[in-house]
Every structure is written in structure tokens, then in C-alpha cells.
Amino acid sequence: MASNRLSDAASAYLRSAAHQPIHWFSWSADALAAAREQDKPILLDIGAAWCHWCHVMDRESYEDPALAELLNRDFVCIKVDRDERPDVDARYQRAVQALTGQGGWPLTAFLTPDGEVFAGGTYFPPDGKYGRPGFRTVLEQIRRVFADRRDHVHAQAAAVHRVLAEALDESAPGPVGPEPLAAGVDAMAKAFDGRHGGFGSRPKFPHPEAVLFLLARWRDEPSDRVRTMITRTLDGMAQGGIHDQLGGGFHRYSVDERWVVPHFEKMSYDNAGLLLAYLEGASALGEPAYAEVARGIVRWVREVLSDPDGGYAASQDADVGLDDDGDYFTWTREEAAAVLTEAELEVAAARYDIGTAGEMDHHPGKNVLFVAEDVPRLADRLGEPVETVAARLRSAEEKLRRARTHRPTPFVDRSRYAAWNAMLVGALLRAGAILQDDWARDHALASLSRIRAEAPAPDRVAHTAGGEADLLDDQVQAASAALDAYEATGDADWLAWAERLMDRVWRDFSDPDGGGLFDVARGRPGEGLLPLRAKPIQDAPTPSGNGVAAQVWARLHLLTGNPVQAERRDAVLATFAGAAPGLGLHGAALLRAMDWAVNPGHHLVIVAAPDDPVGERLHGRALTTFLPRRVVQRLHPTGLSDARLPPHLGAMVGGQAPRAYACRGTTCRPPAGSEEAWVE
């Protein structure tokens with residue numbers, strides 16, 4: 001079979017289109033040069049390996065020879081993997097949203113030969129359905145407009161450019177103080193679904209960064225209102241179909257407000273954030289069920305995403321083929337009965353609502369597994385001991401899980417993106433401590449070491465191995481993970497690496513005139529809309545690079561007492577603080593960073609030799625105790641003279657070991673020689 005230019009692409013998503021009869025370009029200067037030379041409009045298609053409707057549009061339109069003939073004749077066609085090129089996606093999504101009021105994937109944009117947007121949309125069926133215009137009709141209209149109304153095309157593109165240039169800069173200066181934190185809680189409370197948990201209605205997305213923010217606010221100022229938002233959200237997601245009840249991990253979002261029917265793709269970044277949220281929920285609230293959910297996420301990461309040499313795949317697709325919708329994850333009553341005993345089926349069907357009428361429109365007999373009845377109530381209804389019913393349920397779950405592995409498995413995109421890998425590293429290091437999971441800890445450290453080994457310079461990391469090192473998210477998430485590794489191991493090399501990364505971030509990404517950080521390094525060349533400077537603060541969908549950067553600088557300041565770190569933290573926060581009250585749910589990373597600046601941090605220091613058992617217990621206690629704005633340091637008694645500590649703590653720490661020191665702000669408790677009661 002003939003192939004196009006995408007056959008050698010690094011992206012698995014782009015390679016999947018190599019057989020299509022379209023003369024695709026990947027995003028490049030060559031593509032725009034070809035459009036200018038041929039004086040043709042550009043069709044820009046942005047999608048992802050996990051995107052169901054991208055696959056549908058590929059099959060319906062881009063694999064159609066007649067449509068391909070039209071496209072190859074009248075357009076220059078560019079295909080982009082949004083995970084590989086988030087910088088391209090961010091700009092062209094916002095441009096199409098400015099035109100149409102909607103975005104998403106697949107993104108279908110029409111550009112001038114210079115890369116400016118003059119028309120666009122998302123999914124287009126080939127001949128019109130679902131209330132959408134047919135793709136053939138759209139292409140003919142675009143061709144005619146470009147040929148006959150060029151002035152209109154350029155005027156439209158110029159208008160979009162002006163709107164986009166303003167919209168990409170999300171800075172809004174304002175005072176940094178406690179008021180935005182309270183406003184953030186209030187905004188989340190207004191969006192909170194008091195019945196099902198979570199925020200908003202349908203579709204409903206997880207917001208783990210918001211949960212982490214609320215946990216810190218609840219710990220500082222306990223209230224039933226905040227605790228209810230936390231627990232009802234964590235409970236609702238854990239019990240819903242958005243949570244893979246058999247395989248562990250979470251799907252990307254729920255199409256209904258009850259968390260029952262998901263879009264079945266699983267993203268590494270979602271599961272990194274949710275793993276951290278459930279771990280901190282277990283630590284802060286003492287809920288064993290949250291720890292079990294976290295164990296399930298770790299199991300899925302280990303079995304599906306992890307690379308034996310370190311690193312994690314980007315995502316798992318929703319479907320195996322275009323005619324199914326989550327069939328790998330869903331069950332008919334007959335399918336369940338085929339692998340379970342009658343007694344097991346009775347328990348599993350009641351627990352997970354496996355009936356003859358399911359939830360899937362394409363196959364009404366297919367059931368999404370969600371928790372419909374808890375085990376004690378089920379045992380009471382059946383008149384059997386809880387232990388008996390629980391054991392029967394575990395047996396049923398294991399049989400269903402084993403049977404599922406024999407089904408065709410959704411594609412896993414093995415791309416390793418630095419930011420998403422670093423997020424998983426940080427969450428797995430926390431899992432290593434709280435769950436006492438050695439694999440999670442060791443694999444996380446190996447994965448971070450791999451990111452560092454593949455970095456193009458000692459103070460930069462690349463988005464992908466061998467790729468460019470000019471995206472803000474990669475740098476700040478790697479620095480955050482390095483601090484997590486430092487806290488987990490006491491290895492000062494990780495602290496030094498985090499400092500080098502963040503020094504480079506300040507040099508390469510900061511805006512010396514308007515404040516804040518750009519999403520790509522200054523001076524980086526680019527085509528089309530890429531030269532437009534973006535300064536993002538919204539969590540969309542991962543925590544904003546500016547918010548994470550401010551958190552990292554706050555942690556560095558608390559660890560070292562270096563005033564430069566606090567100055568950089570405060571400079572970023574002041575650039576966006578005016579937006580904080582209005583962002584609410586979508587500004588949780590910013591709010592968490594502001595919390596670090598406004599409220600005192602907790603600094604826990606353990607002085608002990610590496611093999612000291614008391615020191616190990618003290619260190620473990622520090623790592624598993626939930627405290628907002630907490631840093632942990634493990635120091636060797638002979639290296640105290642080289643330790644960089646804030647002055648108030650440095651003057652206190654002595655050479656006697658093992659000893660543990662706990663400070664809140666600049667107030668320190670007496671040193672402790674045992675783990676009892678030394679941490680608040």
C-alpha cells in the first residue's frame with residue numbers, strides 16, 4: 001500500500017494516517033511554503049490517538065479517494081498530533097473558538113497560505129448529519145471563497161488574529177492575598193454538584209487540582225461545606241463508570257452528570273492528577289477507600305502505561321474499532337454470565353448494575369460498570385455475611401478482569417511526553433510513601449532519571465526524546481518532579497537540578513515587560529500563528545504552566561530560604577492575581593500557588609544517617625502525613641554544614657542524630673528523636 005509523508009513521523013497518531021490517499025504534511029515551514037507557492041488554502045486537521053471522532057473523520061473522509069482527490073487538488077493538507085504539538089493546538093483551537101464559539105477534536109481549520117485562520121470547525125460528516133454541514137459541501141464553499149473573495153478571506157483572518165493576540169495573554173495583575181483564595185472556594189461551591197459530586201453538569205470532567213486546593217483550605221480552615229465538596233466528588237468519581245472498576249484508572253470524562261457513562265479514553269495526565277488527589281484524600285481524611293482507588297490507578301499505570309526502562313505512555317484509546325463505543329470496558333449480562341458462577345453473577349450484577357438493559361446507545365445491552373450498591377447493604381439483602389459476599393465479589397471481579405484481557409485491546413500511544421511523565425513521577429513517588437509501594441517509588445525515580453538522561457542540556461528537558469526543549473509545561477513539571485524526588489530520597493542532586501531548570505525557565509520564558517511566563521521559550525521560531533505569544537493561566541486540561549512554576553518557586557524558597565525564589569513566585573502571582581477570582585475551578589493551579597505565598601508552609605527536616613532505622617521511620621512519617629504547603633528534607637549528619645536551609649531553621653538544626661525538626665512558618669517545635677507526635 002502506498003504511503004504519504006507521515007510514514008516516518010515520530011507520532012503514532014500521524015503514522016496511523018500514513019496509508020491515507022491525502023498528501024499530508026506534518027506541521028512545518030515546508031508545508032506553509034508549499035501553500036504559498038501553489039497559492040492554495042491550508043486544511044489543518046488536529047487530532048490525537050485517543051480521539052474517537054478523529055478516527056471517525058479519518059475513515060469517513062480522509063480515506064475516501066474521491067474526497068482525497070478534491071483535497072489534494074485544491075488544498076495543502078497538514079495533520080497535527082495535539083499531544084505532540086500542544087503549542088500548535090493551543091493557538092489554532094483558540095482561533096477556531098473565536099470564529100465559531102466551539103473547539104475540540106478533531107479540529108478542522110482553514111488557513112491562508114501564511115497560516116492565518118479564516119474558517120473552521122470540529123468534526124464534519126462527509127455528507128451532512130448530526131445537524132452538521134457535510135464536509136464535501138464545506139470544502140467546496142471554502143474553495144470558492146478563497147478563489148473569488150480573497151479580500152474577505154484576508155479580512156476575516158486579520159480579525160481572528162487580532163482577537164487571538166489579545167486572548168492568548170491571560171495576565172490580569174492584581175494583589176496577592178487571602179481574598180482570592182476565599183473567592184476561589186466560593187466559585188467552586190457555586191459550580192459544585194451537591195447530589196453527584198464534581199463540578200458543573202454534563203459533560204462532567206474530573207478537576208483533581210481543584211480537589212487538592214480544597215484539601216489544603218479544609219486543613220487550614222475546617223468546614224463541612226469544603227469537606228463535602230471533597231468527599232462527594234472523590235466518592236462520586238470512584239463509584240461511577242468514569243472509574244474503571246475492573247482495571248483501575250479513570251476515563252477522560254463522563255457524558256452525564258452522574259459519572260456513569262464515560263468517554264472511554266484514559267489519559268496519563270488525568271490519572272496522575274487523580275492519583276495525587278486520592279492519595280492526599282486518603283492521607284488527610286483517613287479514608288481507606290481512597291487508598292484502594294489509588295492502588296487501582298497504580299496497577300493500571302504499571303500494567304498498561306509503564307516502560308520497563310522508565311517512562312509512561314501518553315494514553316489508552318477508547319475503542320478498538322470505529323463501530324464500538326467502549327466495548328472493551330463494558331459488559332452484557334450474557335457476557336458476564338459466561339465467565340461467572342450463578343452466585344458470583346448475582347453479587348456482581350447487583351454491585352455493578354449489570355442488567356439486560358445497559359447504558360450504551362450503540363448496543364443497548366452493554367453495561368458500564370458502576371457501583372450501584374455497597375457490599376454491606378448487599379450482604380444484608382442477601383442474608384449472608386459481609387465477608388462471604390466480599391470474597392465472592394473479589395472472585396467475580398478477577399474473573400471479569402481476566403476475561404477482558406482476551407478481548408481486542410484499545411491502542412496505547414507509547415509516546416513519552418516530559419510534562420505528563422513528570423506528573424506521573426510526582427504522583428507515584430507519593431504513592432510509594434502512602435501506599436508503601438516500592439514499585440511505584442523505584443519506577444518513578446527511574447522514569448525521572450530517564451527524562452534527565454535524555455535532556456538536551458543540564459537545565460532543559462525536551463517534550464519528547466530527541467525533540468525540542470522549548471515548552472514551559474515540560475520544564476516546570478520536571479522541576480516539580482525533581483523536588484518530589486529530593487523529598488523522597490534526600491539526594492541533593494535532584495534539588496540542584498530543579499534549581500537549574502527553574503533558573504533557565506526564568507531566563508527563557510519570563511516576560512520582562514508584562515510579567516508572567518510564556519508557554520514557549522522567547523525567540524523560538526515558528527510558522528503561522530506560532531509567533532503569537534501565549535501567557536496561559538487556565539488549567540486546560542493540565543495544571544497551567546504559570547501556576548505550577550509559582551508552586552515550584554514557592555517550594556524552593558521554603559526549602560532553601562533563597563529570597564530570589566520568593567521574588568519569582570510573587571512576580572508570577574502578581575501578573576495573574578486579578579484573574580484568580582473569576583477563574584475559580586479553572587484556576588486551581590494558580591490558587592494553590594497563591595496559597596503557598598499567603599499562608600505559612602510546613603518544613604520537616606530529618607537528620608539521620610542513610611541506614612538509620614529511626615531516621616527511616618521519621619522520614620516515612622513526614623512523607624505520609626498530610627500538611628498543606630509542606631516540604632521534607634532528609635539530611636546526613638556529616639553534611640549539615642553544606643545544607644541550604646532557611647536561617648531560622650539552619651540555626652536550629654544540630655549535629656545530633658537521629659533528630660527531626662518541624663517548623664510552621666518561622667515557628668519551630670523542639671527537635672524530636674522518635675516519630676511519636678513530632679509531626680502536627
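Ile606 stands opposite Arg634 in strand 11 of this predicted model. The pair belongs to the contact between strand 10 (residues 602–607) and strand 11, which run parallel and are joined by six bridges. To get from strand 10 to strand 11, the chain passes through helix 25 (residues 613–624), and this β-α-β crossover is right-handed. The points below cover that sheet, a second sheet, two helix pairs and some backbone exceptions.

**The four-strand sheet**

- Strands 11, 10, 12 and 13 form an open sheet, in the order 11-10-12-13, with mixed pairing.
- The edges are taken by strand 11 and strand 13 (667–668); each has a single partner strand, so one side of each lacks a neighbour in the sheet.
- Strand 10 is also joined to strand 12 (residues 659–664), here by six bridges between strands that run antiparallel.
- Within that antiparallel pair, His603 stands opposite Cys663 in strand 12.
- Helix 25 packs on the sheet and touches strand 10, strand 11 and strand 12. The direction of helix 25 makes about 165° with that of strand 11.

**Burial of strand 11**

- All six residues of strand 11 (residues 630–635) are buried, so the strand is largely enclosed by the rest of the structure.
- In a regular strand the side chains alternate between the two faces of the sheet.
- On one side of strand 11, Arg630, Val632 and Arg634 are buried. On the other side, Val631, Gln633 and Leu635 are buried as well, which leaves both faces covered.
- Strand 11 thus has an edge position with a single partner strand, and six of its six residues are buried.

**The three-strand sheet and Gln316**

- Another open sheet has three strands in the order 7-8-9, and its pairing is antiparallel.
- Strand 7 (266–267) and strand 9 (412–413) are at the edges with a single partner strand each, so one side of each has no neighbour in the sheet.
- Strand 7 and strand 8 run antiparallel and are joined by two bridges.
- Gln316 lies in strand 8 (residues 315–316) and is the bridge partner of Lys266.
- Gln316 and Lys266 are separated by 50 residues in sequence, while their C-alpha atoms are 5.1 Å apart.
- With a relative accessible area of 4%, Gln316 is buried.
- Beyond residues up to four places away in sequence, Gln316 touches Trp50, Glu265, Lys266, Trp300, Val304, Phe329, Thr409, Pro410, Phe411 and Val412.

**Helix 8 and helix 10**

- The axes of helix 8 (residues 178–191) and helix 10 (residues 224–239) come within 11 Å and cross at roughly 55°. Helix 8 is therefore oblique to helix 10.
- The crossing of helix 8 past helix 10 is left-handed.
- Val185, Asp186, Met188 and Ala189 of helix 8 meet Arg225, Val226 and Met229 of helix 10.
- Helix 10 also holds Thr233, which counts as buried at 3% relative accessibility.
- Apart from neighbours within four places in sequence, Thr233 is in contact with Phe192, Gly197, Gly198, Phe199, Val211, Thr228 and Tyr278.
- Thr233 and Glu398 are 165 residues apart in sequence, and their C-alpha atoms are 27 Å apart in space.

**Helix 5 and helix 7**

- The axes of helix 5 (residues 86–100) and helix 7 (residues 150–167) come within 9 Å and cross at roughly 115°.
- This crossing of helix 5 and helix 7 is right-handed.
- Arg91, Arg94, Ala95, Ala98 and Leu99 in helix 5 meet Gln156, Val160, Val163, Leu164 and Ala167 in helix 7.

**Backbone exceptions**

- Most residues other than glycine have a negative phi, and most peptide bonds are trans.
- Trp105 and Pro106 are joined by a cis peptide bond, with omega about 0°. Pro106 is in the loop between helix 5 and strand 3 (107–111).
- A cis peptide bond, with omega about 0°, also joins Ala657 and Pro658. Pro658 is in the loop between helix 26 (647–650) and strand 12.
- Asp39 is not a glycine but has a positive phi of about 55°. Asp39 sits in the loop between helix 2 (29–38) and strand 1 (42–47) and is partly exposed, with a relative accessible area of 40%.
- Gln436, also a residue other than glycine, has a positive phi near 55°. Gln436 lies in the loop between helix 17 (418–434) and helix 18 (438–453) and is exposed, with a relative accessible area of 63%.

How values were computed:
Residues are numbered from 1 along each chain as its sequence is written. This is a predicted model: local features need pLDDT of at least 70, side-chain atom pairs count only at pLDDT 80 or more; totals for chains, interfaces and linings use all residues. Side-chain values use heavy atoms; hydrogens and water are left out. Buried means under 20% relative accessible area, exposed over 50%, partly exposed in between (1.4 Å probe, protein chains only). Two strands pair if DSSP finds at least two bridges between them. A crossover is right-handed if, with the strands pointing away from the viewer, the path from the first strand over the helix to the second runs clockwise. Contact means heavy atoms within 4.5 Å. Axes are lines fitted to C-alpha atoms, for helices over the stretch in contact, and angles run from 0 to 180 degrees between N-to-C directions. Angles under 35 degrees count as roughly parallel, over 145 as roughly antiparallel, 65 to 115 as roughly perpendicular and the rest as oblique. A crossing is left-handed if the near helix is turned anticlockwise from the far one by less than a right angle, and right-handed if clockwise.
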